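Trainee: I would like to go through the terms used for this model and ask, for each one, what it rests on.

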Amino acid sequence: MKKLKCECGHVNPEGTVLCEACGKPIEENQHIDGNDKTKLINMRYDGSARRSLTYNRSIIDKIWSFFSSVKVGVWLIVIALFASALGTIFPQQMYIPAEAVSRDPAIYYEAHFGILGKIYYQLGFYDLYSSWWYMILIALIGISLVICSIDRVVPLHRALKMQKPKRHETFINRQRLYSESTNVSNEEKQQVVKKLEKLRYKVRSDDGHILAEKGRFSRWGPYVNHIGLIIILIASLFRMTPWLYLDDYVWVREGQQVVIPGTDNKYYIKNKEFILEKYDEDDEQFKDALELIESRGGEVHKNYQTNVIIYKNVDADLPGAEPKLEKVLEDKVWMNNPLKFDGYTLYQSGYQQNEFSSMSFKIHKTNDSDQEALETFTIDLTAPETEYEFESGFRVVMDKYYPEYYLDDGEPRSESKYPKNPAFVIFVYPPQTDSPEINFIGIGKNIDATGENKYKLGIVDFETHFASGMTLRQDYTLPFFGLGALIFMIGVVQGMYWQHRRIWIHPKDKSILLAAHTNKNWFGIKKDIEKAISDTAIQMVIDQQEVEGNEKNKEGHNG
Amino acid sequence: MGNLATFSSTMLYTAIAFYSIATIMFGVTIKDKKKQNKKGMTGTIAISITIIGLIAQLVYFITRWIAGGHAPVGNMFEFMTFLGLSIVLAFIIIYFIYRLNILGLFALPIALIIIAYASMFPTDLSPLVPSLQSPWLYIHVTTVSLSQGILGISFVAGLIYLIKQVDQKKRSKKNIWLELILFSLIACVGFILSTITFNILDYSATFEYPSGDRTLTVEYNLPAIAGPQDGELITEGANGALFEAPGWLQGRNAAKKFNTLIWSFATGLVLYGLIRLVFRRRIGAAIQPLLKNIKPDLVDEITYRAVAIGFPLFTLGGLIFASIWAQIAWDRFWGWDPKEVWALITWFFYAAFLHLRLSRGWHGEKSSWLAVIGFAIIMFNLIVVNLVIAGLHSYA
């Protein structure tokens with residue numbers, strides 16, 4: 001590697017623009033920061049060598065330079081911005097409403113949004129945020145973040161650790177804020193130093209050269225916040241693995257006890273009770289709003305919650321063993337209040353009220369117009385019995401049970417084992433008979449197959465129950481996201497609300513040169529200088545950039 | 001309770017009145033400055049009135065909180081009103097840093113438009129649905145709103161910069177764009193005016209229209225220019241639609257919203273035409289002379305300062321707090337809901353703004369355009385995403 005030796009004796013790495021020790025511009029490298037064309041020197045990273053601007057030969061150099069450019073970074077952000085917006089034109093696949101005619105994306109988009117929807121589907125925008133190209137885009141932003149940061153944090157580190165009070169004259173007089181004063185006494189100089197210390201500057205001196213510095217740590221702000229973002233990106237990579245992240249869903253009916261999926265049969269949940277509360281229509285304070293909502297056919301829920309018991313199967317690891325359940329806890333889960341146990345979190349996510357828990361029937365004479373009940377019986381649908389005997393001699397046998405009845409080519413069948421539309425074939429044995437009368441009965445159906453039945457069945461009552469939908473989560477990546485977010489915020493605040501201010505006092509023959517630099521808020525540093533040099537012979541600094549700008553403006557007007 | 005709710009809305013009207021007076025006072029300061037080149041009394045009076053207005057609005061906020069039993073940030077009316085409050089608060093803070101009177105002349109009308117816009121939505125106290133019953137509601141919503149208020153000030157400063165700096169001598173792309181921005185503000189006023197007018201007239205026309213295999217009804221409160229597709233007027237004596245809204249408009253009451261949009265545009269155009277008739281030049285050109293004494297650098301600094309405060313606050317409220325709450329309520333901290341995506345887009349945008357400004361030297365005019373676009377994105381997320389793109393955040 002080519003080294004550059006400055007006249008002060010310091011050896012700088014290749015690509016250095018301003019000597020790391022004394023700040024003298026290194027002649028052959030002035031084009032890198034554009035210093036050759038301006039009066040002022042570019043103070044970015046104090047002119048330390050940046051890899052991306054130094055090497056540009058191999059393919060790796062080129063890739064590195066590409067990703068270290070802020071311009072490229074901003075372009076990636078802008079592309080991601082537009083790409084993200086695309087995904088909100090139509091609902092994403094997971095947000096296709098449940099009441100849609102078909103939740104199959106291939107059908108839904110075209111049916112609802114016509115030709116545009118069809119194109120949307122065909123381009124894969126219905127699942128845009130998991131598409132390979134969106135992932136690549138985010139990954140590119142991640143790469144840009146890492147390379148940008150490394151490319152700059154290294155020179156910044158070199159520049160900041162060096163910080164010598166004694167600088168070369170050209171470094172001083174090519175600063176943006178600069179002044180030259182004569183007849184400054186030593187006491188006055190000391191007075192300035194004291195005042196700067198009072199303003200909480202760290203003052204160091206070397207051979208009469210003084211450097212007052214403040215807020216150096218703010219320079220690390222951008223890198224700190226980028227580290228935060230990188231942690232978040234890495235955490236989301238981890239989240240895609242099954243080890244650190246579990247997502248499952250379980251429906252539990254009231255009174256039911258089921259194994260919680262995703263826990264390797266280790267945990268069971270029992271739904272003791274599901275509670276659905278609505279706002280009271282007569283509630284004074286919300287009366288008007290509730291009326292308005294009701295007039296539109298809606299209703300406002302106040303709460304839905306499940307009272308649960310969680311059991312642990314202590315024999316879960318023994319193959320073939322009967323589950324041996326131990327109660328872990330008994331608690332309630334409701335919206336905004338998930339339940340935590342043994343590293344899992346259980347959420348109240350949904351509910352259904354379309355299952356029957358029991359049905360009551362009566363037997364009456366077919367020709368009795370009052371349908372007076374001779375006997376009544378109730379079938380418990382969670383554990384249906386097949387036979388019912390009565391003292392009067394009636395006997396009822398449930399021959400067939402279809403929990404979710406439908407007709408398949410004239411054949412009665414059940415869609416599922418859930419009692420959503422129960423139907424039965426029931427044999428009624430009148431007293432002292434052995435031949436049954438056959439009834440087919442369900443909601444809205446009551447069929448006498450032979451037409452000769454002397455007794456008829458009727459549905460007297462039924463009860464429905466809720467099924468509670470619960471999400472189970474286990475997410476070990478959350479702390480990483482939290483950490484990333486915290487670091488990001490610290491970095492942003494650190495970089496945004498503090499500035500790195502430096503003031504150099506440089507003795508030259510009989511006069512004193514004063515120069516200052518800050519990475520932000522020039523107004524603030526000017527105020528500091530004003531305070532520090534008050535009542536001394538030191539001249540206030542002039543903003544050389546403003547002077548230059550004004551001259552340019554004048555030229556512009558004249559031309 | 002009813003009394004408290006009434007008192008609360010009176011306080012909101014009081015605040016609106018004070019903001020209006022303060023706006024006029026800030027307008028007077030321009031003349032003030034021309035006569036004497038130092039800080040006059042008028043500015044002090046104007047900011048005092050603004051502060052009184054803010055206090056009145058805080059009283060509205062607190063009393064409504066007590067009356068409703070939850071922080072009044074639960075629906076579109078309450079949220080937009082709070083955004084207006086945030087803009088005023090942000091303005092007051094920035095005012096005491098930079099003492100720029102002209103900022104008030106622009107910031108307060110924006111706040112007023114937003115509050116008036118909010119009042120077009122149902123203002124009744126409404127109960128909270130289970131998903132909103134959490135302390136995170138006010139933690140998340142108030143931080144987001146405050147950040148948006150401050151970013152609103154960056155928009156105002158950017159707008160002032162543009163009106164001052166964009167050349168108005170001859171027509172150019174820039175001043176046409178600027179004119180469009182000003183027109184969109186006027187269209188908001190148009191929306192408010194047309195809604196209020198037909199509210200007073202108690203206008204109502206109900207249409208029946210087929211949707212899938214069902215027949216739905218929709219009540220129009222503005223005369224129907226664009227009616228629902230295959231809609232049939234069922235209110236007697238009301239006017240039928242001039243034409244049917246295009247079929248690709250989807251969502252609940254899409255045709256009605258489209259009709260409202262047409263009305264806002266039309267009223268806005270009439271207003272704009274009137275203003276043009278009075279001044280006989282572009283509105284930008286008409287305002288420009290008022291800004292003669294403004295230092296562009298100072299305005300540019302305000303734009304940046306507002307973003308510097310607003311961006312971290314938005315990250316905190318709009319992404320971090322939002323994620324924490326989403327994790328608690330919906331079992332995932334991020335779900336690509338349209339509102340979430342647009343919060344991310346806003347964040348991307350301001351991140352780009354800061355990189356361009358701090359690393360690539362985009363100051364002055366470029367930075368001002370970006371500040372204006374940024375606020376447009378925020379408004380898009382608030383209004384369009386809530387009302388047009390259905391999602392988990394559609395509460396209005």
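Mentor: We can begin with residues 476–498 of chain A, where the chain is 87% helix and 0% strand and the end C-alpha atoms are 35 Å apart. This is a predicted model, in which local features need pLDDT of at least 70 and side-chain atom pairs count only at pLDDT 80 or more, while totals for chains, interfaces and linings use all residues. Residues are numbered from 1 along each chain as its sequence is written, and chains are lettered from A and ligands numbered from 1 in the order in which they are written.

Trainee: What makes a stretch count as helix or strand?

Mentor: Both are DSSP runs, numbered from the N terminus: a helix is a run of H or I of at least four residues, and a strand is a run of E of at least two. On that basis chain B has 11 helices and five strands.

Trainee: Which spans of chain A carry the name "transmembrane region"?

Mentor: That name comes from an unreviewed UniProt entry, which applies it to residues 72–90, 132–154, 223–246 and 476–498 of chain A; UniProt positions are given in the numbering used here, feature names are shortened, and such annotations may be inferred rather than shown by experiment. In the model, residues 72–90 of chain A are 79% helix and 0% strand, with the end C-alpha atoms 29 Å apart.

Trainee: Why is A:Tyr45 called buried or exposed?

Mentor: A residue is buried if 20 or more other C-beta atoms, placed from the backbone, lie within 10 Å of its own, exposed if 12 or fewer do, and partly exposed in between. A:Tyr45 has 22 such neighbours, and therefore counts as buried; this residue sits in the loop between β2 (11–13) and α1 (51–54) of chain A, and its phi is near 55 degrees, a positive value in a residue other than glycine.

Trainee: And why does A:Asp264 count as buried or exposed?

Mentor: A:Asp264 has 11 C-beta neighbours inside 10 Å, so it is classed as exposed. Its place is the loop between β7 (257–259) and β8 (267–278) of chain A, and its phi, too, is near 55 degrees, again positive in a residue other than glycine.

Trainee: How do you know which strands of chain B form a sheet?

Mentor: Two strands pair if DSSP finds at least two bridges between them. Seven bridges join β1 (residues 205–211) of chain B to β2(B), with the two running antiparallel, and one of the bridges has B:Pro210 partnered by B:Thr215 in β2(B). The order of the open, antiparallel sheet of three strands is β2-β1-β4 (chain B). Because β2 (214–220) and β4 (232–233) of chain B each have a single partner strand, they stand at the edges, and one side of each is left without a neighbour in the sheet.

Trainee: How does the radius of gyration of chain B compare with that of a compact globule?

Mentor: The radius is taken over C-alpha atoms, and the globule rule is 2.2 Å times the number of residues to the power 0.38. For 396 residues this gives a value near 21 Å, and chain B, with 22 Å, agrees.

Trainee: What makes a residue part of the contact between chains A and B?

Mentor: Two residues are in contact if their C-beta atoms, placed from the backbone, lie within 7 Å. The contact takes 42 residues from chain B and 45 residues from chain A. On the chain B side, α10(B) gives the most, with 13 residues.
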